[in-house]
Amino acid sequence: MQRRKFGATGLSVSIVGFGAGHIGAPAQDEREVERLLHAALDLGINLIDTARGYGLSEERIARSLASRRDEFVLSSKCGYDVPGRTDWTGACVAAGIDAALNRLRTDRIDIMHLHSCPREVLERGDVIAALDDAVQAGKVRVAAYSGENDALAFALTCDVFRSVQLSINVCDQRAIRDALPVAAARKLGVIAKRPLANAFWRFRDRPTGEYCEEYWLRAKAMQLSPAPLDWDEFALRFAAHQSDVHTCIVGTSHLERLRRNVELARRGPLPADLVQRALDAFRAHDDDWIGQV
Ligand SMILES: NC(=O)c1ccc[n+]([C@@H]2O[C@H](COP(=O)([O-])OP(=O)(O)OC[C@H]3O[C@@H](n4cnc5c(N)ncnc54)[C@H](OP(=O)(O)O)[C@@H]3O)[C@@H](O)[C@H]2O)c1
């Protein structure tokens, strides 16, 4: 699979990454998860994105891919949920990184994000300093920020971050205008999350309370159509080939979908008229449509 330079980090990443947010549920079959993770690497995916908050995801990556650690860029997220530490403090980030290294059974995490860290915490400085200390100690290779809107805008001014993770999809385009040009100018690595807009098209009726509800409402307001393509192809190629995006992390718990998503991304950028249609529809209906965390 095609790879791109990940900003000025020295890493290079496949245009599709594996979003490991869907392999954390205790009820999932361990062997299925293992098959999925190996298949991801076999398909040429070299970025795996997980987080403290994704259930058993970190542990399963460690168990399944211990013998293939050098084949992929490992991305995780921290800042909360460390026993005995207050969330969003320097001590929590420092202990969280050590705990993540332990769970991931590795001596380094390639990209470590502050996971939706609020702007006022970033401004305080201690949390950023703790992440930077981990970089200096060789525990983390790239200090990164994951989040949206005002907090993201602030993060983009902080020298310590060398990459960002943000929502980019047909129903979430603010960052294309606001954040991507800044990230590109600063030579940051860029990971697009929620690239399929959480597959909102699966629902005929409003999916009240579902993760994708906001995107479903936006798509309806935009009267968005993927024609002549299928929805997944339209959505994935839009996100994966957005300029200044280096990789998009697609989440799935199904091997067939993983294969299909890789194949779709390989087809390259959408025809220009389809991209323009999506951009115009968003702009015309943007009703304070902020980035979805
Ligand atoms: N940093 C953050 O705060 C943050 C927030 C959200 C996400 N993320 C990261 O981004 C990754 C992806 O985000 P996401 O899962 O929210 O959104 P997404 O990739 O836009 O959508 C994933 C959903 O689409 C389905 N799907 C996947 N391929 C499909 C296809 N070809 N056709 C139809 N449906 C398909 C999956 O269901 P099945 O499992 O049933 O295939 C899953 O429900 C996460 O795993 C995580 O790594 C990060």
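**Around the ligand**

Visitor: Which helix and strand each supply at least two residues of the shell around the ligand?

Guide: β10 (247–251) and α11 (255–266) each supply at least two. Helices (H or I, at least four residues) and strands (E, at least two) are DSSP runs, numbered from the N terminus.

Visitor: Which gives the most?

Guide: β10, with three residues.

Visitor: What should I know about the model?

Guide: It is predicted: local features need pLDDT of at least 70, side-chain atom pairs count only at pLDDT 80 or more, and totals for chains, interfaces and linings use all residues. Residues are numbered from 1 along each chain as its sequence is written, and side-chain values use heavy atoms, with hydrogens and water left out.

Visitor: Back to the ligand. Which residues come nearest?

Guide: His22, Ser146, Leu196, Thr252 and Arg257, out of 30 around the ligand. Being near takes a heavy atom within 4 Å.

Visitor: What lies 3.1 Å from a ligand oxygen?

Guide: A polar side-chain atom of His115. For Gly21, a backbone N or O atom lies 3.0 Å from a ligand oxygen. For Gly19, a polar backbone atom is 3.2 Å from one.

Visitor: New topic. Where does the ligand sit?

Guide: In the largest pocket. On a 1 Å grid over the protein atoms alone, a pocket is an open set of points where a 1.4 Å probe fits, with protein on both sides within 12 Å along at least five of seven lines. Sitting there means more than half of the ligand's atoms lie within 2 Å of its grid points.

Visitor: How many residues line the largest pocket?

Guide: 33, with His22 and Thr252 among those nearest its centre. A lining residue has an atom within 4 Å of a point.

Notes: Polar contact = N/O pair within 3.5 Å; in protein donor to acceptor, adjacent residues only side chain to side chain.
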